[in-house]
Amino acid sequence: MSLFKISCYFSTGLRGLCLPGFLSTIVLFITLIATHPALNTFVSCDTNIPDRPASTVAVSLFAKWRYTPVHIEASEILASEDEDYFWNYINVIHERFNGTRPIRSLNYAQQYDEVAEIAEDILEDSYQIPLFKFSLGHRVSSPAIAAHEQIARDRLGSKLNECKAFLEFPQPPISEGQDEIVDDAPSVANSQDPYGTMKPHKDVNIICNADDAALVFEKILSTPDYIKTYYQPTIYKTDHIYYAHNNPNGKKFGIMTAVLYGEIGSQDFIDLYEYCKSMADMGRMNFVVRHLALFDESQSSGPRHRVALGGYGVELAIKSTEYKAQDDTRVKGEASNLGDEVFSSGEKPDDIEDLVFKELAEAGWSPTNPMFHEQILESIKQIPSINSSDIEDLSTQAVSLIMTAPLERRLALMRDLSHNFPILAKSLSDEVVDKELQAELEQNQLLFARFINVAPTEAALFMNGYFFDVDALDMFALFEVMKKQYKGPQATTDTEVERFLERRYEDKHSGFVIPPEKPDEKFLKMLVILDPLTRGAQKILPILMTFRKIFNLRLRIMFNCVDRHTELPLKNFYRFVIESEPNFKYGPDQPPVLRTTFRNLPSSSLFTLNMATPENWLVESVRTPYDLDNIHLAELPSDKVWAEFELEHLLLEGHCFDITNGSPPRGLQFVLGTRSNPTPFDTIVMANLGYFQLKASPGAWNLRLRHGKSAEIYTIFHVDGADFIKHEDPKYKSESVIPSLLNDFRSRLIKVKVHKKKDQRHRDLLQDDDGGDNQLGDIWGSIKNSVWSGNNNGDGTGSKETGLRLTRTTENNRINIFSLASGHLYERLLRIMMLSVLKNTNTPVKFWFLKNYLSPSFKDFLPYYAEKYNFDYELVQYKWPRWLHQQTEKQRIIWGYKILFLDVLFPLDVKKIIFVDADQIVRADLTELRDLDLEGAPYGYTPFCDSRTDMDGFRFWKTGYWNSHLHGRKYHISALYVVDLVKFRKIAAGDRLRGQYQGLSQDPNSLSNLDQDLPNNMIHQVAIKSLPQEWLWCETWCSDEEKEKAKTIDLCNNPKTKEPKLTGARRIVKEWVDYDEEIKAIYDEYIRSQGNKQSSNQQDNTVTEPSSSSSGQKPSESSSAPTAKSPDTNSLGQQHKHIEL
């Protein structure tokens, strides 16, 4: 649809028209003529302006785990309301569906309709039905289903392929003389198998049918003391336990407890379920039901469906174009029709974006403000500049406009203002503000700051005595709290703050109240304080709009605006992915869709795409041909940009303290794994709050101290909030193994208390003893790291995340290089930097890359590149801790990752690491830098050059604060530095840097160059060894005469010339073009190899184009053979990825 014919739609009076996104805001603005006398001219219809396609950016996020059917998820949602609902639901499913009419034979929409109908019959209160639909639409129980599958895979292994449903009885111990480790030889077991992967029990009592189950059941009952001698599976608090009837030993687990795995409604499950139920009803045993979704054979030769996720935000932030930092190559696929699969032709605009226009049109309001309209249309073409004097009152002007809108449309208007602010700012700046309103808003600031400690522009949410920080708000957590509050009687738990604010603002104009839809029924009271032009408002407003559909909610909004802006309050477009119930916009044969689309964006602007996910989610871009760090719609051959992300990990976070002194045990290492794969994830405890984080996926995990010094010196004393009811047989229970269950999208935070063993109190984790640290260098760890292989399920059952690392060297004979990049240009520069290192360094090299921002194309190419040039690599990942002051701009976040987490990003066996910026060219052997004596400092940086004197006016460190703070010391550049990680950790440098950052970063005028300013500011507390000047030459600051001696050349920006990065690279570094051509040739070779593999695998019908149901699997990248590819794990068709020379 043309951007320039919208005025025709207005004047012709079309009703119910689906306008995209923010255009609904335009209509709303124009309809507010009653309170804007100046806006009184009718909009004309110009039919002579040519049509042109609208620019769109679509973003989807999928779970990494296997698709979980909605009829199974429904059982978990019902169980969260009442455990009896769970058993009732199973019975109804089994009555309505059986082997002759399985529920899986229905299409996705029909499955949902059937499940919703059953739920409506089971649920006792009508208010529960919209909550059920919301939960199902947002797949809130999908992690629980995935967790059950992970438990099954870990317990049953290859037996999963033998049957469609399983019953696990207690297992007998392995007797003397057999190959496995015996019960009474723990010392032998510990010496050969420190993590207990060699099981002391058999796996014989896993049964696939009811007849065999009856025989095994009686046999076990005839075994003396089987309760004490047999292995008993761990039972978790969230497990569904059918207790033995009229048997007091049942809830004490004094009788047999079996575990049933299978898919509700399948005939195999029904047979075993009926047997277990009959035994339990006779009082003979307990049984647990865990879900195991059957493999859908209809997908064996076609696309694999995935779980689409919501509850997160997406922003398109406007980037500065002061320095050109875009790649000049094109990845094929940008101009192809791949996006047509993402943008389904039958798809309608999202209801939430269409809502404003339809209701206004139905009310008969007519647009009469051509100037307002034209300003916005001009802003869509190109965002105009705004005078600083016009910026000051934007928040107040926004409130003024909001308060003149009809009450029922204010939330929608606020949402559209905040989500599309860049194109509305110019028009908004002409709004006239009532002086009484301005005075009230100023008074609000004082009262909020004084009584509830909420500063101007900060957002807060109060509900029935609960307080939520909106900036850190998790939609899933808020939903669960509201759902629990809804169950109880009418809330009377308002805090004193809430009551005070209610009284204070009863008759004020600086806020409003939206009454509940059903005032005579139970409702929740919510009070929200916000500035409409903030990130907090961007997130909370779509949540409030959706929650008003599913909760009976009385909502009071109070405005907390800053009195004077000095810069634009928002510099991004924003969407939040949320629906009130499942949406089948791709049709009934496809799974429900959760996705967001930006429409009619200014094509002249340069955007960077950021995902704003819950704090405990780790997501990555897995499928897109576009440079998401530099989206310039005007330069793209296609008007449709798409990107698919994947929820790769859920975090297990915690705080750890030594109970003897209350201090965090710095350097203590935890590992997280399963019995069959005990160490896929590891972490190090910070001194800051004793914080640690571990990557995982839905499932049951064992948290342990790492074998080596951590387990030798410390033992776990207590963990707050255990997940289990009954642990496995106490004989095998260790005080240093804690079962942890991840089965929810919400955050999982634990508190671990440890203490030193009596004979280890003299030892220090970070102090070498007996010549070395065996924390990771023990024989067991070396063997595991070198030979581990298997699948990449992300569930702890296979390899240590194959594809994330390739290691053929040991720490003692290699050099470690750390770098990071975001965007195709800097990834191109990074590949060239790597090549320059390899050409000049004689020591084996291992590269370490921050995974957080790497593109799919870089990650796909890396294994091939590594094999071709014989280097090792590892992708490291860390989520910015929630307690550490958050940065909002991607560039500043990346700067933070360069300096703030050096002590926890790398394993303890990495003694030294060299950071090299992506835009550097190395001309010397970096072994020399690694071996350089740092003279007791934890790291060494190169000082900024002083030799190019015509740049003196830009040397900010020569005057003012920096001149006095440095006291004659040098100001150092962060493009290259070497870190002695042993010393760095020993003096708690990372903790000191984070502490200083936390204090300084609250001031927006501090740490302008975060990665440089922070270490230079801390130079008196954390010493810097000044490296010889030749280790870094930069044309901006260094003289031409010094270039010949340069060991590295940095392509740093020039504030005087603003020369584009690629232009400077070709001009300054003579070998750069040769390196670039060499990499291009290797990349073309890689593309051809991928094309050949795809041709040979076409018989497998692997999906190579994005669609609502494509598998999204990435190439299998074996740690020992990185170019090998499994035929069923193909990624986005590699034939579309080709650099055009």
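Modeller: Let's start with contacts between residues at least 6 apart in sequence: 83% of them join residues at least 24 apart. Keep in mind that this is a predicted model.

Biologist: How much of the chain counts as buried, and what makes a residue buried?

Modeller: Of the 1141 residues, 61% count as buried. The cut-off is a relative accessible area under 20%. As for the outside, the chain exposes about 43700 Å², with carbon and sulfur atoms supplying 48% of that.

Biologist: Give me one residue. Why is F86 called buried?

Modeller: F86 has 0% relative accessibility, and the limit is under 20%, so F86 counts as buried. F86 belongs to helix 4, residues 83–96. Leaving out residues up to four places away in sequence, F86 touches S75, E76, A79, H240, V289 and H291.

Biologist: E76 is on that list. Where else does E76 turn up?

Modeller: In the contact of helix 3 with helix 7, where I72, E73 and E76 of helix 3 meet S142, A144, I145 and H148 of helix 7.

Biologist: What makes helix 3 and helix 7 roughly perpendicular?

Modeller: Their axes cross at roughly 105° and come within 9 Å. Angles of 65 to 115 degrees count as roughly perpendicular, so this pair earns the label. By class, the residues of the contact are three nonpolar, two polar and two charged.

Biologist: And why is helix 25 called roughly parallel to helix 26?

Modeller: The axes of helix 25 (residues 824–840) and helix 26 (residues 856–869) cross at roughly 10°, coming within 12 Å. The limit for roughly parallel is under 35 degrees, so the pair qualifies. Helix 25 contributes residues including L830, M834 and L838, and helix 26 residues including F858, F861 and Y865.

Biologist: Which classes of residue make up the contact of helix 25 with helix 26?

Modeller: Nine nonpolar, two polar and two charged residues.

Biologist: What about the largest nonpolar core: which members touch the most others?

Modeller: F169, F547, F559, L609 and W617, out of 153 residues in that core. Setting aside residues up to four places away in sequence, W617 touches L61, L309, G310, Y312, F476, L647, H649, L650, F745 and K879. Apart from this core lies another, of 108 residues, among them F984, Y997, V1022 and Y1086.

Biologist: Why would nonpolar side chains gather like that?

Modeller: In soluble globular proteins, nonpolar side chains tend to be buried together.

Biologist: Last one: how many helices and strands does the chain have?

Modeller: The chain has 35 helices and 37 strands.

Methods:
Residues are numbered from 1 along each chain as its sequence is written. This is a predicted model: local features need pLDDT of at least 70, side-chain atom pairs count only at pLDDT 80 or more; totals for chains, interfaces and linings use all residues. Side-chain values use heavy atoms; hydrogens and water are left out. Helices (H or I, at least four residues) and strands (E, at least two) are DSSP runs, numbered from the N terminus. Buried means under 20% relative accessible area, exposed over 50%, partly exposed in between (1.4 Å probe, protein chains only). Contact means heavy atoms within 4.5 Å. Accessible areas come from the Shrake-Rupley method with a 1.4 Å probe; for residues, only the protein chains shown count as cover. Axes are lines fitted to C-alpha atoms, for helices over the stretch in contact, and angles run from 0 to 180 degrees between N-to-C directions. Angles under 35 degrees count as roughly parallel, over 145 as roughly antiparallel, 65 to 115 as roughly perpendicular and the rest as oblique. Ala, Val, Leu, Ile, Met, Phe, Trp, Tyr, Cys and Pro count as nonpolar, Asp, Glu, Lys and Arg as charged, and the others, Gly among them, as polar. A nonpolar core is a set of buried Ala, Val, Leu, Ile, Met, Phe, Trp, Tyr and Cys residues joined through side-chain atoms within 4.5 Å.
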